Amino acid sequence: MGLIKEFFQFAWKEKKYWLIPMILVFVILGIFIIFFESTAVAPFIYTLF
């Protein structure tokens, strides 16, 4: 949790607001792939990419 807090403090201080949505999208995609890679949905997800 410290890394996340530090990242948001950096983004706020350096006015790099565009990083926040990009990182959130990467995190959501990572969670999505991890949860669905071992299910029957996996072949359909891989066709999207």
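Helices (H or I, at least four residues) and strands (E, at least two) are DSSP runs, numbered from the N terminus. One thing before we start: this is a predicted model, where local features need pLDDT of at least 70, side-chain atom pairs count only at pLDDT 80 or more, and totals for chains, interfaces and linings use all residues. Residues are numbered from 1 along each chain as its sequence is written, and side-chain values use heavy atoms, with hydrogens and water left out.

**Exercise 1.** Work out what secondary structure the chain has and check the span of H1.

*Solution.*
- Start by counting: there are 3 helices and 0 strands.
- Next, read along the sequence, and you get the pattern α-α-α.
- Now for H1. The expected span of a helix is 1.5 Å times one less than its number of residues.
- With 12 residues, H1 should span 16 Å, and its end C-alpha atoms are indeed 16 Å apart, so the two agree.

**Exercise 2.** Describe the loop residues Lys16 and Tyr17.

*Solution.*
- Begin just after H1, where Lys15 has a positive phi of about 55°.
- Lys16 sits in the loop between H1 and H2. So does Tyr17, and the helices on either side are H1 (2-13) and H2 (19-36).
- Then sort them by accessibility: buried means under 20% relative accessible area, exposed over 50%, and partly exposed in between (1.4 Å probe, protein chains only).
- Lys16 has 32%, so call it partly exposed. Tyr17 has 39%, so it's partly exposed too.
- Finally, look for contacts (heavy atoms within 4.5 Å). Setting aside neighbours within four places in sequence, Lys16 touches Phe10 and Ala11, while Tyr17 touches Ala11 and Trp12.

**Exercise 3.** Decide whether Phe35 is buried or exposed, and say how much of the whole chain is buried.

*Solution.*
- Find Phe35 first: you'll see it in helix H2.
- Its relative accessibility is 60%, so Phe35 counts as exposed.
- For the whole chain, 10% of the 49 residues count as buried.

**Exercise 4.** Find out where the prediction is most and least confident.

*Solution.*
- The score to use is pLDDT, the predictor's confidence in each residue, from 0 to 100.
- Over the chain, the mean is 79, and 82% of the residues reach 70 or more.
- Confidence is highest in H1, at a mean of 84, and lowest in helix H3 (residues 42-48), at 69.
- Keep in mind that where pLDDT is low, the predicted coordinates should not be read in detail.
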